[in-house]
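These are my notebook entries from going through the model in front of me. I wrote them in the order in which I looked things up.

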Amino acid sequence: MIEIETIEAFEKHLAAGVGFTNVVIQGLDLRRFTRELVSAELAGAVFLGCELEKDALKATVDHGAMVFPPISGLPYLPYRGGLYTPEELYAGFDPARPESYEDTPDARIYAHWAANGRGSPPTLLETMAQRLHDHSVTQAMEGLLYRSGGARKVVAIMGGHSMKRGQADYRAVATLARELARRGFFMVSGGGPGAMEATHVGAWFARRTEAELDDGLAMLSRAPSYTDRDWLSRAFDVRRAFPLAEDDLPFCASLGIPTWHYGHEPPNPFATHIAKYFANSVREDGLLTIAKGGIIYSPGSAGTIQEVFQDACQNHYNSVGVISPMIFLGTEFWTRTRPVYPLLHQLAQGYDYARYLMLTDSQEEVVRALEAYDREANPPR
């Protein structure tokens with residue numbers, strides 16, 4: 001089945017004159033294509049949330065197409081055709097006026113979610129719209145990871161949202177992510193502040209010098225916490241000072257996977273692709289599942305520890321068909337401050353994933369371990 005998610009792809013398919021049997025058209029405004037649709041072969045086509053004029057709508061139904069109409073009154077599109085970008089979520093944000101965030105699509109969607117039952121919507125229509133949205137986001141994410149010239153080498157970094165800009169841990173995550181991005185790994189995180197932001201900052205600076213990274217980190221440190229009024233403004237200052245060129249994207253692209261469940265934490269704008277969900281459970285399980293190249297655990301709290309054991313469960317039972325590295329960055333933290341590693345090490349005894357556990361303070365060891373695993377998992381043909 002062919003999926004069409006952009007006007008450009010729709011026009012190309014239309015020009016080919018092959019009809020729309022077994023074609024799904026998703027979330028497009030097709031009101032200027034009425035004449036073409038009325039005369040097209042539409043039997044077996046599926047229109048998901050498309051805008052259609054009355055004559056085109058009649059033609060689709062008369063010709064045997066399936067039509068799922070748009071859902072009105074929502075600040076989001078249930079039938080999304082792609083992932084979010086920072087430019088879309090932060091449209092209208094003015095760094096000189098931090099309060100302008102409240103007028104952005106990201107803030108409006110969060111306000112709508114909060115006013116409509118949060119995780120328990122009061123109506124079936126709202127529930128359905130959120131589930132359709134999250135399914136569309138998952139589809140778009142899979143397209144990014146698996147349909148663009150082969151599967152990407154996805155590595156995730158987990159860690160606390162409260163990790164502050166300017167801290168040594170924050171810089172360690174950023175420099176590690178920068179090095180991994182340089183070596184061809186596609187960096188992924190939970191898409192929020194703290195260690196998650198540092199992951200995407202590192203990828204953003206993958207083609208820049210260490211001195212430029214230090215300058216960027218210094219600019220960010222003027223608003224250390226996401227609770228600071230200028231947190232988002234400083235991020236946009238850095239983006240403006242160190243912009244990505246078109247030829248940077250193959251090296252500096254990264255994926256953030258945040259959720260409106262934690263909508264008080266704005267998604268960080270250094271992730272070039274954003275898969276933002278309503279359902280946090282879908283988001284967390286998906287994030288761990290796609291990180292087939294390995295997961296690095298930097299210091300964090302309850303959320304990070306939950307992810308550790310969720311990931312361990314996948315590896316313990318090999319429930320997703322891949323057993324991948326679990327690397328703990330920070331010996332003191334993971335053996336004394338939050339003594340998770342000794343328990344996990346004992347739990348893994350006798351299972352395949354025991355050999356993919358690592359506890360280290362060395363970024364070089366992390367890089368070597370991930371590259372060795374990649375060679376093992378993807379031997380040259």
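**Entry 1, aromatic pairs.** Before counting, I fixed the rule: rings of Phe, Tyr and Trp (its six-membered ring) pair if their centres lie within 6.5 Å, and planes under 30 degrees apart count as stacked, over 60 as edge-to-face and the rest as tilted. The model is predicted, and by this rule I get 18 aromatic pairs in it. The pair I looked up to begin with was Y90 and F93, whose ring centres lie 6.4 Å apart with the planes at 55°, so I noted the pair as tilted. I then checked the surroundings of both rings: Y90 is buried at a relative accessible area of 3%, and F93 also counts as buried, with 12% relative accessibility. For F328 and W334 I noted an edge-to-face pair, with 5.4 Å from centre to centre and 75° between the planes, and both of these residues are buried. F328 and W334 belong to one aromatic cluster together with Y297, F333 and Y341.

**Entry 2, T104.** I stayed with Y90 and F93 and asked myself which residues T104 touches, leaving out residues up to four places away in sequence. The contacts are L89, Y90, A91 and F93, which brings in both partners of the tilted pair. T104 itself sits in the loop between α4 (86-89) and α5 (105-115), and at 0% relative accessibility it counts as buried.

**Entry 3, charges over rings.** I looked up two arginines that lie over aromatic faces. R80 is placed over the face of Y84, at 3.7 Å from the ring centre, while R152 is placed over the face of F186, at 4.5 Å from the ring centre.

**Entry 4, the sheet.** F186 led me to the strands, and I wanted to know in what order the 7 strands of the open sheet run. The order is β8-β7-β6-β5-β9-β10-β11, with parallel pairing, and the edge strands are β8 (273-274) and β11, each of which pairs on one side only. As a reminder to myself, strands of a sheet pair through backbone hydrogen bonds, either parallel or antiparallel.

Within this sheet I followed β5 (residues 154-158), which is joined to β6 by 3 bridges, the two strands running parallel. V154 stands opposite F186 in β6, and A156 has V188 as its bridge partner in β6. I also noted that 5 of the 5 residues of β5 are buried: V154, A156 and M158 point one way, whereas V155 and I157 point the other way. In β6 (residues 186-189), F186 and V188 point one way and M187 and S189 the other, and all of these are buried as well. Further along the sheet, β9 (residues 295-297) is joined to β10 by 3 bridges, again in parallel, and Y297 stands opposite F328 in β10, so I could place two members of the aromatic cluster across from each other.

**Entry 5, H200.** Is H200 buried or exposed? H200 is buried, with a relative accessible area of 0%, and it lies in helix α8 (residues 195-204). Not counting residues up to four places away in sequence, its contacts include M187, V188 and S189, which belong to β6, and also S254, L255, N268 and F270. As a distance check, I noted that H200 and T227 are 27 residues apart in sequence and 19 Å apart in space, C-alpha to C-alpha.

**Entry 6, two helices.** In α9 (residues 210-220) the buried residues are L213, G216, L217, M219 and L220; down the axis they fall within an arc of 160°, so they line one face of the helix. What covers them includes α7 (168-182), α8 and α10 (231-241). For α15 (residues 340-347) I found V340, Y341 and L344 buried, and these cover an arc of only 90° around the axis, which puts them on the same side of α15. They pack against α13 (302-317), β10 (326-329), α14 (331-337) and β11 (357-360).

**Entry 7, domains.** Last, I looked up the domain assignment, which gives domain 1 (2-68) and domain 2 (150-377). The centres of domain 1 and domain 2, taken over C-alpha atoms, are separated by 41 Å.

Conventions:
Residues numbered from 1 in each chain as written. Predicted model: local features only at pLDDT ≥ 70, side-chain atom pairs only at ≥ 80, totals over all residues. Heavy atoms only, no water. Buried < 20%, exposed > 50% of the residue type's maximum accessible area, 1.4 Å probe, protein only. Arc of directions from axis to C-beta. Contact = heavy atoms within 4.5 Å. Domains from an automatic or database assignment. Pairing = 2+ DSSP bridges. Lys NZ or Arg CZ within 6 Å of the ring centre and 35° of its normal.
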